[in-house]
Amino acid sequence: MNPLLDFSGLPRFTDIRPEHVTPAVNQLLVENRAVLEGIRSELAAPTWENFVEPLEDANERLSRAWGQASHLNAVANSPELRNVYNANLPLVTQYYAELGQDQILFEKFTSLKHSDQYENLGRARKKIVENALRDFRLGGAHLPPAEKERFLQIQEELSALSSTFNDNLLDATNNFALHVRNAEELTGIPEDALQMAQASAEQEGVTGWKFSLHAPSYLPVMQYADSRALREKLYRAYSTRASETEAPGVLADTAGKYDNTPLIRRILELRKEEARILGFDCYAEVSLVSKMASTPQQVLDFLNELAARARPYAERDLAELREFAATRLGLEDMEAWDVAYVSEKLRIDRYAFSDQEVKQYLPENSVLPGMFKLVQDLYGIIINPINEGIQLWHPDVKFFSINDKEGKLIGNFYLDLYARPGKRGGGWMDDAVSRRVRDPRSAAAGIQAPLAYLNCNFSAPIRVDGERRPALFTHDEVITLFHEFGHGLHHLLTQVEDLGISGIHGVEWDAVELPSQFMENFCWEWEVMRNMTKHVDTREPVARTLFDKMLAAKNFQAGMQTLRQIEFSLFDMHLHSDFDPNGEKTVQQLLDEIRRQVAVIIPPEFNRFPNSFSHIFGGGYAAGYYSYKWAEVLSADAYSLFEESSAGNVVNPETGALFWNEILAVGGSRPALESFIAFRGREPKIDALLRHSGMTA
Ligand SMILES: [Zn+2]
């Protein structure tokens, strides 16, 4: 039996082969289309039972099977898998696009909304019906046939373009290697990064050290390598990935081969056309229909206000950095490839500790238990590893269950922590199965436990003198881990019983970062850090003095970092609102313009940031990148209730229970603003964010 078609339990990752994908997708599409046909031709008035439920069931099977293929494509990419994935992607996209445009289904949802049953559906199911009507309008269900046809073509092309954008970026990243044979060029780089570079050179049968553009290899060089030439080489390669530029070190014949420039223009053109067909002025308006923010202008105003608040702090940050570079490091003309290096030196000078020092206290085998203890204390749940009988896609992946105190299963998650070739960069959470409660009369009666994928790209454990040491994480990496775990808890701790609004489903995109960014705050609490740190050699927890230094350094360069996020957000919002992809101005020129307005550090001309901006061209953040800052207002303000009610300990189970009940449990069953008010007792304010970032007088 095809493992992708087995919905009886957990995904069967070790059984799944690339050749299973096409038959599974084919069969599910045939079955689903038959279900749809049955629903369409049903003469009885649409009800939840005869209409919505069979539709949800059919779509759930497809999304689970296709989700497993997509997941493997992202974490265990191979040429074979990529081929079948890209071959099936248009078919799946076409199915969803057709579904979104289905006139008859749209009418049935409309008549359900106006039926007697609707009033008795309950709040959650009403919300699902309303969301469906909204999505049908955004899917073009109301359009005349010719426009529908065009709309469909656009969606298919867009989804293929996004996938190619990501492939190009991954290939361009993989197609760079820098071999260093002379140890003198490597002074300053920490030992563990060197060991990793040496191991990867060894793997290829060459002597010396091999560096790549993957974060665990790239970042330590940028932060610590004393050789300016080495930093420049890597910076040039990194910042021109997937562009027309040829960077030294890019493997033979691949320079320019993965250029994303034409894709970017085409994507913008198509999004604009799509918006026009739907009757909107620009794509940003389409994007905002399902978000908390209501107009592009409201978002621009929010960003500009925050930029004005952050600007003085950013200017101060930069002045300090330049001053330090000139007087202490002899770098009169600080270049882009010096910024991380100088920053780290300044930080060590000012706060007398380094990331490397902190890292020794954050081995995986104390970070994970520490993080789990925090949420166990906050929510009264129990997390256990399950080592037997689980099929994983890589031996490094771990699997955990979450139970309540009575031992009842709440949900499960996979944890895939380390960077490796064939795995997409960054950190992300994805849902594999969503919580739902099935009709007690149906064969599959009962609660379906949710299942999540948590993915990061941290350094893997290395062997020192034949002995495997635990992976050591930087504090930043721990923050990323908490962030993704926050998304995971949002998905897993939901109490919603219907698919469409369970967990992260149906949550406004600009509110979806609330639970994740919320979790980051705990990485700055003494009672959490004390439990979570254990020096890899001495086994001592981190000293209060070192932690105090970390706290003092927490908002180091917060002004510059805030402006950087605002720069990307403004770029994204302008691209999708008032930018003309066929006009005189290029995408790069728009970015340059925005940088002149808000940035304090202007990257060099050869920098091709847009070509690797996968959030908006390869992912779902188009006209939505501002969500990070928007949601940070919410998450900081939510966290401030824990601070207020802490009485010396923020790990407060009462506030935790309230947060679970009003924010995590409700998923998309009501507007995010309502959930926020239910938790916080008032509308969100920006004050806590400014205070947490040290941007208050
Ligand atoms: Zn996130």
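**Exercise 1. Locate Ala352 and describe its backbone and exposure.**

Step 1. Ala352 sits in the loop between helix H14 (339–351) and helix H15 (355–359). Bear in mind as you work that this is a predicted model.

Step 2. Turn to the backbone. Most residues other than glycine have a negative phi. Ala352 is not a glycine, yet its phi is positive, about 55°.

Step 3. For exposure, the relative accessibility of Ala352 is 44%, so it counts as partly exposed.

**Exercise 2. Do the same for Gln557, then examine the helix that follows its loop.**

Step 1. Gln557 has a positive phi, near 65°, and is a residue other than glycine.

Step 2. Its place is in the loop between helix H20 (544–553) and H21.

Step 3. Is Gln557 buried or exposed? Its relative accessibility is 9%; because buried means under 20%, Gln557 counts as buried.

Step 4. Now check helix H21 (residues 558–575). At 1.5 Å a residue, its 18 residues should span 26 Å, and the end C-alpha atoms are 26 Å apart, which agrees.

Step 5. Helix H21 is mostly covered, with 15 of its 18 residues buried.

**Exercise 3. Work out the surroundings of the zinc ion.**

Step 1. List the donors. The zinc ion is coordinated by NE2 of His483, NE2 of His487 and two OE entries of Glu513, at 2.1 to 2.8 Å.

Step 2. Read the spacing of the donor residues in sequence: H-x3-H-x25-E. His487 in helix H17 (residues 475–492) and Glu513 in the loop between H17 and helix H18 (514–520) are 26 residues apart, and the pair links distant parts of the chain.

Step 3. Classify the geometry. Four donors count as tetrahedral if all angles lie between 85 and 135 degrees. The angles among the four donor atoms here run from 50 to 139°, and the site is irregular.

Step 4. Look at how covered the donor residues are. His487 counts as buried at 9% relative accessibility, and Glu513 counts as buried at 2%.

Step 5. Finish with helix H17 itself. Its 18 residues should span 26 Å at 1.5 Å a residue; the end C-alpha atoms are 25 Å apart, which agrees. In H17, 16 of the 18 residues are buried, so the helix is mostly covered.

**Exercise 4. Trace the contacts of Asn77.**

Step 1. Asn77 is in the loop between helix H2 (48–75) and helix H3 (79–100). With 18% relative accessibility, Asn77 counts as buried.

Step 2. Which residues does Asn77 contact, leaving aside its neighbours within four places in sequence? They are Leu72, Arg82, Leu170 and Gly422.

Step 3. Add the polar atoms. The side chains of Asn77 and Arg82 are joined by a polar contact of 3.3 Å. A polar atom of the Asn77 side chain also lies 2.8 Å from the backbone oxygen of Asn73.

**Exercise 5. Compare the settings of three salt bridges.**

Step 1. Start with the principle and the total. Side chains of opposite charge can pair when their charged atoms come close. The structure holds 47 salt bridges.

Step 2. Take Arg311 and Glu315, whose closest N and O atoms are 2.9 Å apart. Both lie in helix H13 (residues 296–329), four residues apart, about one turn of the helix. Arg311 counts as partly exposed at 27% relative accessibility, and Glu315 counts as partly exposed at 41%.

Step 3. Next, Lys398 and Glu364 meet in a salt bridge of 2.9 Å, N to O. Lys398 lies in strand S4 (residues 398–403) and Glu364 in helix H16 (residues 364–379), so this pair ties together parts 34 residues apart in sequence. Lys398 counts as partly exposed at 24%, whereas Glu364 is buried at 8%.

Step 4. Lastly, Arg608 pairs with Glu244, with closest N and O atoms 3.1 Å apart. Arg608 is in the loop between helix H22 (587–598) and helix H23 (614–617), and Glu244 is in the loop between helix H10 (228–239) and helix H11 (261–277); the two residues are 364 residues apart. Arg608 is buried at 18% relative accessible area, while Glu244 is partly exposed at 40%.

**Exercise 6. Name the members of a salt-bridge network.**

Solution. Asp57, Glu60, Arg436 and Arg438 are linked in a network of salt bridges.

Terms used:
Residues numbered from 1 in each chain as written. Predicted model: local features only at pLDDT ≥ 70, side-chain atom pairs only at ≥ 80, totals over all residues. Heavy atoms only, no water. Donors = N, O, S within 2.8 Å, 3.2 Å for Na, K, Ca; no water. Tetrahedral: all angles 85-135°; square planar, octahedral: opposite > 155°, others 65-115°. Buried < 20%, exposed > 50% of the residue type's maximum accessible area, 1.4 Å probe, protein only. Polar contact = N/O pair within 3.5 Å; in protein donor to acceptor, adjacent residues only side chain to side chain. Contact = heavy atoms within 4.5 Å. Expected span 1.5 Å × (residues − 1). Salt bridge = Lys/Arg side-chain N within 4 Å of Asp/Glu carboxyl O.
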